[in-house]
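Biologist: Could you take me through this model step by step, beginning with how its helices meet?

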Amino acid sequence: LVGFTRYEGLFSILVIGILFILRRRLLQSVCLGGLGVLPIAIYGAISVLNGWDFLPNPILLKAGIPEFSQRGMLKFLFRFIERVVDTPYVFTLLLIALLLFVLQFNKKKTLWKDSTIMLAVFIATTLLHLLFARTGWFYRYEAYLVGLGIFVIAAVLHEYIPERKSIKLSKHLLPKFLAIVLLTFIVILPFARRGAGSLIKTPQATKNIYEQQYQMGLFLRKFYEDGVVAANDIGAINYLADIKCVDLWGLGSLEVSKLRKERNYHTRDIYRLAKRKNVKIAIVYD
């Protein structure tokens with residue numbers, strides 16, 4: 001069900017399926033991949049039968065699928081670098097995992113140990129996400145990578161911690177201890193910024209949603225129930241009011257999504273669509 005919960009889950013299913021193939025366990029790979037894709041295939045079949053695309057519009061409009069041209073590939077590479085820069089905490093986890101993977105592989109001389117496999121899954125999943133999926137926007141897209149990375153790295157680092165710990169400070173060891181403290185601080189800093197930022201921004205964000213989308217929904221429920229409404233943020237208003245919605249962003253309107261995918265969406269198209277659908281009111285913001 002992980003892929004059906006959120007489509008980024010297919011990255012880890014793909015990685016684990018490939019690892020099964022490398023172990024010459026083709027049946028397990030096929031079963032895992034087939035079951036992982038099955039809910040998405042069922043959704044896609046229902047969608048196509050109703051005249052829509054196989055994949056949901058949010059995936060098609062937001063995914064980082066490269067254009068097969070020089071300009072498209074450069075843009076794809078730039079987006080990858082941009083995502084790495086925008087999520088230093090994910091990049092930090094990736095670097096630590098890569099370092100541990102090299103240490104584990106050199107130590108055990110095999111990929112097929114629990115710790116090495118976990119690191120391989122995390123590294124490959126993270127790279128696939130940074131290449132093809134979004135990051136940012138209140139930390140939600142990459143949250144599963146942060147959780148997975150912390151879990152995997154903690155599990156692997158446990159092997160390096162001695163059961164009996166004794167610390168004897170001396171002038172000789174002081175520079176090493178200071179270096180470890182400094183390195184720990186540098187590693188933790190991106191996560192501290194992420195945590196502090198989310199604590200500061202979330203209360204304000206919930207207040208903004210209440211003052212904006214929630215009020216829009218109450219307004220439409222009171223004055224435009226059963227009416228045709230054009231909007232560019234459709235979640236709250238459709239939840240709160242029983243309306244016929246024209247989604248100007250394209251996530252919930254097929255015609256708009258097709259125009260956006262063709263990069264041929266202009267003011268005249270909005271006018272024509274609103275007139276044909278007999279739109280009574282539009283609620284939009286920058």
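Modeller: Let us begin with one helix contact, where contact means heavy atoms within 4.5 Å: Pro88, Tyr89, Thr92, Leu93 and Ile96 in helix 6 meet Val187, Pro190, Phe191 and Arg194 in helix 9. Helices (H or I, at least four residues) and strands (E, at least two) are DSSP runs, numbered from the N terminus. This is a predicted model, in which local features need pLDDT of at least 70 and side-chain atom pairs count only at pLDDT 80 or more, while totals for chains, interfaces and linings use all residues. Residues are numbered from 1 along each chain as its sequence is written, and side-chain values use heavy atoms, with hydrogens and water left out.

Biologist: How many nonpolar residues does the contact of helix 6 with helix 9 have?
Modeller: Ala, Val, Leu, Ile, Met, Phe, Trp, Tyr, Cys and Pro count as nonpolar, Asp, Glu, Lys and Arg as charged, and the others, Gly among them, as polar. By these classes the contact of helix 6 with helix 9 has one charged and one polar residue, and the nonpolar ones number seven.

Biologist: Which term describes how helix 6 and helix 9 are directed to each other?
Modeller: Axes are lines fitted to C-alpha atoms, for helices over the stretch in contact, and angles run from 0 to 180 degrees between N-to-C directions. The axes of helix 6 and helix 9 are 8 Å apart, and the helices pack at an angle of about 150°. Angles under 35 degrees count as roughly parallel, over 145 as roughly antiparallel, 65 to 115 as roughly perpendicular and the rest as oblique. Helix 6 and helix 9 are therefore roughly antiparallel.

Biologist: What is the direction of helix 6 relative to helix 8?
Modeller: Helix 6 (residues 88-108) packs with helix 8 (residues 143-157) at an angle of about 30°, their axes being 10 Å apart. That angle makes the direction of helix 6 relative to helix 8 roughly parallel.

Biologist: How many charged residues are in the contact of helix 6 with helix 8?
Modeller: From helix 6 the contact takes in residues including Leu93, Ile96 and Leu100, and from helix 8 residues including Val146, Gly149 and Ile153. Its residues divide into 12 nonpolar and two polar, and the number of charged ones is no more than none: no charged.

Biologist: How are the rings of Phe101 and Phe105 arranged?
Modeller: Rings of Phe, Tyr and Trp (its six-membered ring) pair if their centres lie within 6.5 Å, and planes under 30 degrees apart count as stacked, over 60 as edge-to-face and the rest as tilted. Phe101 and Phe105 are four residues apart in helix 6, so about one helical turn separates them. Their ring centres are 6.3 Å apart and their planes lie at 15°, so the pair is stacked.

Biologist: Are helix 2 and helix 7 parallel or oblique to each other?
Modeller: The axes of helix 2 (residues 9-22) and helix 7 (residues 114-132) come within 9 Å and cross at roughly 135°. Helix 2 and helix 7 are therefore oblique.

Biologist: Which residue of strand 2 is the bridge partner of Ala230?
Modeller: An open sheet of three strands has the order 2-1-3 with parallel pairing, where two strands pair if DSSP finds at least two bridges between them. The edge strands, each pairing on one side only, are strand 2 (244-247) and strand 3 (281-283). Strand 1 (residues 228-231) pairs with strand 2 over four bridges in the parallel sense. In strand 2, the bridge partner of Ala230 is Val246.
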